[in-house]
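User: Please take a close look at one part of this chain, namely the earlier of the stretches that its UniProt record labels as a domain. I would like to know how that part is built, how its charged side chains pair, and what it touches elsewhere.

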Amino acid sequence: MIAAMAAFAVEDALVKAVTTALPIGQILIVFGLGGALIFAVIARRRGDALMTRDVVSPAMRVRVIFEITGRLFYVLALALIPLSTATVILQATPLVVVAAAAVIFGERVGWRRWTAIGLGLSGVLIILRPGTEGFSALSLLAVVGMLGFAGRDLASRAAPRSLSTAILGLYGFLALAVAGLIVWLWQGEAFRLPDAQAGLALAGTILVGVGAYSCLMKAMRTGAVSAVTPFRYTRLLFGAALGIVLFGETLTLGMLAGSGLIVLSGLFILWRGQRRAAVG
């Protein structure tokens with residue numbers, strides 16, 4: 001899980017760097033098709049069928065919609081706001097997943113965990129600072145992206161278990177390419193031939209992204225969820241560090257306070273879930 005979070009942070013930094021040289025739509029299309037090709041090769045080597053009835057199941061169709069939403073708005077956020085800010089907002093995803101699971105799947109969430117969810121989401125508000133001079137509407141792009149990823153995670157829980165990690169990765173990256181196509185059609189920018197530096201960064205994005213996704217699926221499918229989930233928050237450390245070192249960003253007191261609320265709330269929710277499971 002730590003390797004996955006570190007790789008995702010590097011992926012974010014590479015995407016943010018490439019957006020200064022290439023159109024966002026082109027980046028998403030190339031990134032998505034490149035990752036999909038790698039996962040397709042892996043799936044075929046495993047003997048998996050690339051197209052089955054389970055691939056077009058209702059849960060998978062919902063998953064693709066949320067994947068497109070999450071990827072599209074989060075990459076737009078990476079291009080337009082500080083990397084550290086986008087990374088911190090993304091850490092609220094588990095809070096939204098727990099809240100939505102209670103509403104959609106009827107999972108029991110007591111008042112203590114609802115309170116923690118409220119505190120964690122208030123941490124997002126502290127970071128966004130709505131109604132103040134420091135508020136940037138562009139930060140809402142990261143919020144919408146975070147909600148898209150939360151929906152994807154929920155849909156993944158309902159996805160057929162017959163689908164391998166490679167197949168999930170294949171269609172996840174195809175959804176990324178679709179998101180890029182949407183941006184490209186909207187912006188109407190012509191494709192550009194990348195220079196050597198941008199080309200290497202884009203190739204690195206594909207390889208790192210595939211590695212990050214593979215590590216994440218391996219952790220979630222083979223390790224105890226309660227044991228590996230807390231390490232998701234290491235992405236905040238990696239993302240903030242890369243933002244400071246590579247892009248000269250600074251962490252404000254409000255961002256530190258907000259991220260602290262998000263992380264502590266998430267860890268408390270996980271601890272309460274473990275305790276309930278042990279008692280049950």
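Analyst: Over residues 1–128 the chain is 79% helix and 0% strand, and the C-alpha atoms at the two ends of this span are 28 Å apart; helices (H or I, at least four residues) and strands (E, at least two) are taken as DSSP runs and numbered from the N terminus. The model is a predicted one, in which local features need pLDDT of at least 70 and side-chain atom pairs count only at pLDDT 80 or more, whereas totals for chains, interfaces and linings use all residues. Residues are numbered from 1 along each chain as its sequence is written, and side-chain values use heavy atoms, with hydrogens and water left out.

The span comes from an unreviewed UniProt entry, whose annotation "domain: EamA" covers residues 1–128 and 140–270; such positions are given in the numbering used here, with feature names shortened, and the annotations may be inferred rather than shown by experiment. That unreviewed entry also marks "transmembrane region" at several stretches, among them residues 27–43 and 111–128. In the model, residues 111–128 are 100% helix and 0% strand, with 26 Å between their end C-alpha atoms.

Near the start of the span, threonine 19 sits in the loop between α1 (2–18) and α2. Threonine 19 counts as buried because its relative accessible area is 18%, where buried means under 20%, exposed over 50% and partly exposed in between (1.4 Å probe, protein chains only). If neighbours within four places in sequence are set aside, threonine 19 is in contact (heavy atoms within 4.5 Å) with Ile24, Ile27 and Ala79.

Two of these partners appear again where the helices pack. Helix α2 (residues 24–46) and α3 meet at an angle of about 130°, their axes lying 11 Å apart, and α2 is therefore oblique to α3. The axes are lines fitted to C-alpha atoms, for helices over the stretch in contact, and angles run from 0 to 180 degrees between N-to-C directions; angles under 35 degrees count as roughly parallel, over 145 as roughly antiparallel, 65 to 115 as roughly perpendicular and the rest as oblique. On the α2 side the contact is made by Ile24, Leu28 and Phe31, and on the α3 side by Arg71, Leu72, Val75, Leu76 and Ala79. The crossing of α2 past α3 is right-handed, meaning that the near helix is turned clockwise from the far one by less than a right angle, an anticlockwise turn being left-handed.

Arg71 leads from this packing to the charged side chains. Side chains of opposite charge can pair when their charged atoms come close. A salt bridge is counted here when a side-chain nitrogen of Lys or Arg lies within 4 Å of a carboxyl oxygen of Asp or Glu, a rule that gives eight salt bridges. One of them joins glutamate 67 and arginine 71, at 3.2 Å from N to O. These two residues are four places apart in helix α3 (residues 58–80), which means that about one helical turn separates them, and both are buried.

This pair also belongs to a salt-bridge network that links Glu11, Arg63, Glu67, Arg71, Arg152 and Asp153. Within that network, arginine 152 bridges to aspartate 153, with the closest N and O atoms 3.4 Å apart, and arginine 152 is buried because its relative accessibility is 13%. A further salt bridge connects the side chains of arginine 46 and aspartate 48 at 3.0 Å, N to O; there arginine 46 is exposed at 54% relative accessibility, whereas aspartate 48 is buried at 16%.

As for what the span touches elsewhere, helix α4 (residues 83–90) packs with helix α7 (residues 139–158) at an angle of about 35°, their axes 9 Å apart, again in a right-handed crossing. The residues making this contact are Thr85, Ala86, Ile89 and Leu90 of α4 together with Ser139, Ala142, Val143, Met146 and Phe149 of α7.

In helix α2, isoleucine 29 is buried at 13% relative accessibility. Residues up to four places away in sequence aside, isoleucine 29 touches Ala177, Gly180, Leu181, Trp184 and Phe191. Valine 18 offers another long-range link, as 183 residues of sequence but 6.7 Å of space, C-alpha to C-alpha, separate it from alanine 201. Alanine 201 belongs to helix α9 (residues 196–222) and is buried, with 16% relative accessibility; its contacts beyond four places in sequence are Leu14 and Val18.
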